[in-house]
Amino acid sequence: MKRISRDEYYMNIAVDVSKRGTCTRRQIGSVVVNGDEIKSTGYNGNPRGLPHCDEIGCIRDEQNIPSGERSEVCTGVHAEQNALLQAGKGANGATLYTTIVPCNTCAKMIINAGIKRVVYLDDYPERMGLDLLNEAKIPVEKMELGKDQ
């Protein structure tokens, strides 16, 4: 039996967390890990107490807005944002595992939260977030599950 790496372990958790997402376009999950301790998880969906897109429909679909464009129209809170909010100061010095490369808004929050490393699975059409994380010298790694890390 081969033991999976810690990166695979935490990314598998992020994948499971994504299954709680309520976005009708894409379910995203994130996990904040500091040392070997999970500080928080987050998935994408509308703010607490508001109806979710899987119940009321997607405004971006209704307006034919392509993926990666005009994210401000979306009423959902991103998985990374929810995980950072839940982690609070526990995010400082942590690694963020997320199922998609962070957008520009999330990248700004990641930098200010003190995240020291980002690991992601899938790309996203908008690359500003990746550029910003690189400019801030935060290591960003794309991984493939099932591969040795």
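**Exercise 1. Is E37 buried, exposed or partly exposed?**

Solution.
- The model is predicted.
- Start with the relative accessibility of E37, which is 45%.
- Next, recall the cut-offs: buried means under 20%, exposed means over 50%, and partly exposed lies in between.
- E37 therefore counts as partly exposed.
- Now look at its partner. E37 forms a salt bridge with K39, and the closest N and O atoms are 2.8 Å apart.
- K39 has a relative accessibility of 34%, so K39 also counts as partly exposed.

**Exercise 2. Find which residues of helix α5 are buried, and decide how they are arranged around the helix.**

Solution.
- Helix α5 covers residues 104–113.
- Its buried residues are N104, C106, A107 and I110.
- Look down the axis of α5. These buried residues fall within an arc of 155 degrees, so they line one face of the helix.
- A general rule helps here. An α-helix has 3.6 residues a turn, so residues three or four places apart point the same way.
- Then ask what this face meets. The buried residues of α5 pack against α4 (79–87), β3 (95–100), β4 (117–122) and α6 (128–135).
- Compare T105, which is also found in helix α5. T105 is partly exposed, with a relative accessible area of 37%.
- T105 and G129 are 24 residues apart in sequence. In space, their C-alpha atoms are 7.1 Å apart.
- Finally, step past the end of the helix. Just after α5, G114 takes a positive phi of about 90 degrees.

**Exercise 3. Describe the surroundings of strand β3: its burial, its partner strands and their directions.**

Solution.
- Begin with burial. β3 is mostly covered, with 6 of its 6 residues buried.
- Take the β1 side. Strand β1 (residues 29–34) and β3 run antiparallel and are joined by 4 bridges.
- For a landmark in this pairing, find V31, which stands opposite Y97 in β3.
- Take the β4 side. β3 and β4 pair in the parallel sense, over 5 bridges.
- The landmark here is T95, which stands opposite R117 in β4.
- Now add the helix from Exercise 2. β3, α5 and β4 make a right-handed β-α-β unit.

**Exercise 4. Trace the salt bridges that involve strand β5, and state which parts of the chain they link.**

Solution.
- A search of the whole structure finds 9 salt bridges. Two pairs are followed here.
- Take R117 first. R117 forms a salt bridge with E141, with the closest N and O atoms 2.8 Å apart.
- Place both ends. R117 is in strand β4 and E141 in strand β5 (residues 140–142), 24 residues apart, and the pair links distant parts of the chain.
- E141 is partly exposed, at a relative accessible area of 32%.
- Widen the view. D7, R117 and E141 are linked in a network of salt bridges.
- Turn to K142. K142 forms a salt bridge with D123, again with the closest N and O atoms 2.8 Å apart.
- K142 lies in strand β5 and D123 in the loop between β4 and α6, so this pair ties together parts that are 19 residues apart in sequence.
- Check the exposure of both ends. K142 counts as partly exposed at 46% relative accessibility. D123 is partly exposed too, with a relative accessible area of 38%.

Methods. Residues numbered from 1 in each chain as written. Predicted model: local features only at pLDDT ≥ 70, side-chain atom pairs only at ≥ 80, totals over all residues. Heavy atoms only, no water. Buried < 20%, exposed > 50% of the residue type's maximum accessible area, 1.4 Å probe, protein only. Helix = DSSP H or I, 4+ residues; strand = E, 2+ residues; numbered from the N terminus. Arc of directions from axis to C-beta. Contact = heavy atoms within 4.5 Å. Pairing = 2+ DSSP bridges. Right-handed = clockwise from strand over helix to strand, strands pointing away. Salt bridge = Lys/Arg side-chain N within 4 Å of Asp/Glu carboxyl O.
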